[in-house]
Amino acid sequence: TTNAITGVGFSPDFVWGKQRSGVNSHELYDTVRGVNQVIYSDLTDAEGTNANGISSFDADGYTVAGNTSINLTSASVVAWNWKAGGTAVSNTDGTITSQVSANVDAGFSIVSYTGTGSAATIGHSLGVQPSMIIVKSRSGAYAWTVYNASVGATYRLRLNETAAAALSSEFNNTTPTSTVFSVDGTLTVNGSGQSHIAYCFANTDTTKVGSYTGNGSSDGPFVYTGFRPAWVMIKSYTAGYDWVLDDSARSPFNEGNATLFPNASSAEYTGGAYGIDFLSNGFKPRTTYGQYNQSGGGYIYLAFAENPFKYANAR
């Protein structure tokens, strides 16, 4: 039934929810696309209307309307919440006019635009270069496309797949600027007449996009973020492993051992084979599994702070 989730601490503009205790897809909602409009990180499905999904974004959280996977009776659920800039505004910096909700201080913006089918630029409103961009066609059943600065604009990753980074012109072989990012005419990122959504992330005191090289040891490499992370998503860009996602709410103590997979509908894994330590100024993989720490493997990550480093304590 209707369930008002409170205690978030702000009115979220982007909510990513997952049932921990069962096999159901990740549900993603945002204020730019509007209430009840859902996309799934582990599927290629076009955006759908979920009448049982998030029906309102509230002052201190959000309301789920009914019987959807993030509100099943007695199900254990996690939801991650981001604050953007509220109601979207037009951005004419690019050759395509976009609708953007941006939080410059947090380095996060939600960008909606209609594709042209040919090379174009799109305004993101961050004022600095985004280091990670995650794009999904809202209109068609096409794969998610991910840009990461460590991999470069001539490659892309798929959020819904395990594949390593692949050569691609989807970001038009062009590094984003402080005002725009570039796309070619591919259906995944710029289908003619199709609606698209992009989530853009830039490095700030509380957001870090970066990379590291695995050492294949249970005493994995230390990865400096400049803050104690609350949330870390990792992907090998050199090999075909799952995306993995850990957070301090589900794993409040080191070693973290509660892992979800953005590319899969699997229930939360708590078997102990995966995991990272959250430290006062970064994180450290504590596993030899290829999802986190293959010897010589290249990894990208997206991390968000529990506290900036000057306020952080070890745990």
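## A tour from strand β22 to the largest pocket

Begin by selecting residues 244–247, which make up strand β22 of this predicted model; Val 244 and Asp 246 point one way from the strand, Leu 245 and Asp 247 point the other way, and all of these residues are buried.

Next, add β21 to the selection, and you will find that β21 and β22 run antiparallel and are joined by four bridges. To see one of the pairings, show Val 232, whose bridge partner in β22 is Asp 246.

Keep β21 in view while you turn to the largest pocket, since β21 is among the elements that give two or more residues to its lining, together with β1 (3–6), β8 (77–82) and β25 (298–308). The space in this pocket comes to about 550 Å³, and of the 25 residues that line the pocket, those closest to its centre are Phe 10, Trp 80, Asn 81, Trp 82 and Ala 230. Which element gives the most to this lining? Select β8, which contributes six residues. If you colour the lining by residue class, 16 of its residues are nonpolar, seven are polar and two are charged.

Finally, move to an open sheet of three strands, which follow the order β20-β24-β23 with antiparallel pairing. Because β20 (223–224) and β23 (276–279) stand at the edges and have a single partner strand each, one side of each is left without a neighbour in the sheet. Select β23 together with β24 (residues 282–285) to see an antiparallel pairing over four bridges, and end the tour at Leu 279, which stands opposite Gly 282 in β24.

Conventions:
Residues are numbered from 1 along each chain as its sequence is written. This is a predicted model: local features need pLDDT of at least 70, side-chain atom pairs count only at pLDDT 80 or more; totals for chains, interfaces and linings use all residues. Side-chain values use heavy atoms; hydrogens and water are left out. Two strands pair if DSSP finds at least two bridges between them. On a 1 Å grid over the protein atoms alone, a cavity is a set of points where a 1.4 Å probe fits but cannot get out, and a pocket is an open set with protein on both sides within 12 Å along at least five of seven lines; lining residues have an atom within 4 Å of a point. Grid points are joined across faces, edges and corners, and a volume is the space filled by probe spheres set on the points. Ala, Val, Leu, Ile, Met, Phe, Trp, Tyr, Cys and Pro count as nonpolar, Asp, Glu, Lys and Arg as charged, and the others, Gly among them, as polar. Buried means under 20% relative accessible area, exposed over 50%, partly exposed in between (1.4 Å probe, protein chains only).
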